[in-house]
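Colleague: I should like a close look at a single part of this predicted model. Could you take one residue and follow its surroundings outward?

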Amino acid sequence: MSQPAFVLVRPQMGENIGGAARAMWNFGLDRMRLVSPRDGWPNPKAVAMASGAGRLLDEAKLCETTAEALEDCSYVFATTARARGLTKPVVTPERAMEIAREKILAGEKVAVLFGPERAGLENDDIAKANAIINVPVNPEFASLNLAQCVLLTAYEWRRQAVDIEAERMEMAGADWASQIEIEKLADHYEGRLEEAGFFFPETKAEGMKLVLRNFWSRMPLTRPDVQMMHGILRQMVRWKERGD
């Protein structure tokens, strides 16, 4: 899939440009545009901070104005934490990247504007946007670092662009135990506990056995788990027999 362009408008610190490049590449984005970086371009501090994402800086498009950076885009988001007195849709990063995906799949070019560190985007920049991205942060401390804001937005793009498992089990080379393996484990324990007189009194024995069977079936056991549980019981029996 194509992707949105991330436009850093008048960024002040090279370190933040590099951090933004690294955050973008973490989530598969590589289209950076820079509007009048304060300390000039290229910037060695940006390169150092970018670590393995230096290619993004090498290929970044350098522009003099925000209008130039957006000239080929048909839909633009502007990130800001403050109310600006402009009538525009205000969306979360998640919703913004949903919209971006829809637009891009329809053949449109999308950009996201990120403002300078000290005060954020100016109203003239935001006026060029179709919608505002507002991150639901602590209202008493709403200012986000430039690279952090880029990372949040890039993460939401990744969620839209790639099928991601919300949860998975890392099996570490093991397989789940089969029903017959669980059944044999239950038989092993039930038999040994029977010999030890555990199921007492007799009137409660069947209920106790049912609870024990249910206990084994509830546990998500792997084959190595089952083998270990068999081994534990065998060793306990051997130890008891040696004691006798």
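Modeller: Leaving aside neighbours within four places in sequence, R33 is in contact with A5, F6, V7, L8, K61, A69, D72 and C73. R33 itself lies in strand β2, which spans residues 32-35. Its relative accessible area is 13%, so this arginine counts as buried. One polar contact can be specified: the side chain of R33 reaches the backbone oxygen of A69 at 2.6 Å. A69 is thus also one of the residues in the contact list of R33.

Several of these contacts lead on to the nonpolar cores. F6 and L8, which R33 touches, belong to the largest nonpolar core, a set of 35 residues. Together with M32, F77, F114 and V150, F6 and L8 are the members that touch the most others in that core. V150 shows how some of these residues meet: apart from residues up to four places away in sequence, V150 touches F6, L8, A20, A23, M24 and F114. A second core, separate from the largest one, has 16 residues, among them A5, V7, C73 and I126. R33 is in contact with A5, V7 and C73, and its contacts F6 and L8 are members of the largest core.

C73 deserves a further word, as a cysteine in contact with R33. C73 has a relative accessibility of 17% and is therefore buried. The closest cysteine sulfur to that of C73 is in C63, 9.7 Å away; because this is too far for a bond, C73 and C63 are not linked. C149 is in no disulfide either, the nearest cysteine sulfur being that of C73, at 17 Å. C149 is likewise buried, since its relative accessibility is 10%. The structure as a whole holds 0 disulfides.

A residue in a helix offers a contrast in exposure. K45 is placed in helix α2, residues 44-50. With a relative accessibility of 51%, K45 counts as exposed, whereas R33 is buried at 13%. Not counting residues up to four places away in sequence, K45 touches G14 and E15. K45 and N16 are separated by 29 residues in sequence, and their C-alpha atoms are 8.9 Å apart in space.

To return to the starting point, R33 is a buried residue within strand β2, and its side chain reaches the backbone oxygen of A69.

How values were computed: Residues are numbered from 1 along each chain as its sequence is written. This is a predicted model: local features need pLDDT of at least 70, side-chain atom pairs count only at pLDDT 80 or more; totals for chains, interfaces and linings use all residues. Side-chain values use heavy atoms; hydrogens and water are left out. Helices (H or I, at least four residues) and strands (E, at least two) are DSSP runs, numbered from the N terminus. Buried means under 20% relative accessible area, exposed over 50%, partly exposed in between (1.4 Å probe, protein chains only). A polar contact is a pair of N or O atoms within 3.5 Å; within protein, one must be able to donate a hydrogen and the other to accept it, and residues adjacent in sequence count only if both atoms are side-chain atoms. Contact means heavy atoms within 4.5 Å. A disulfide is a pair of cysteine sulfur atoms within 2.5 Å. A nonpolar core is a set of buried Ala, Val, Leu, Ile, Met, Phe, Trp, Tyr and Cys residues joined through side-chain atoms within 4.5 Å.
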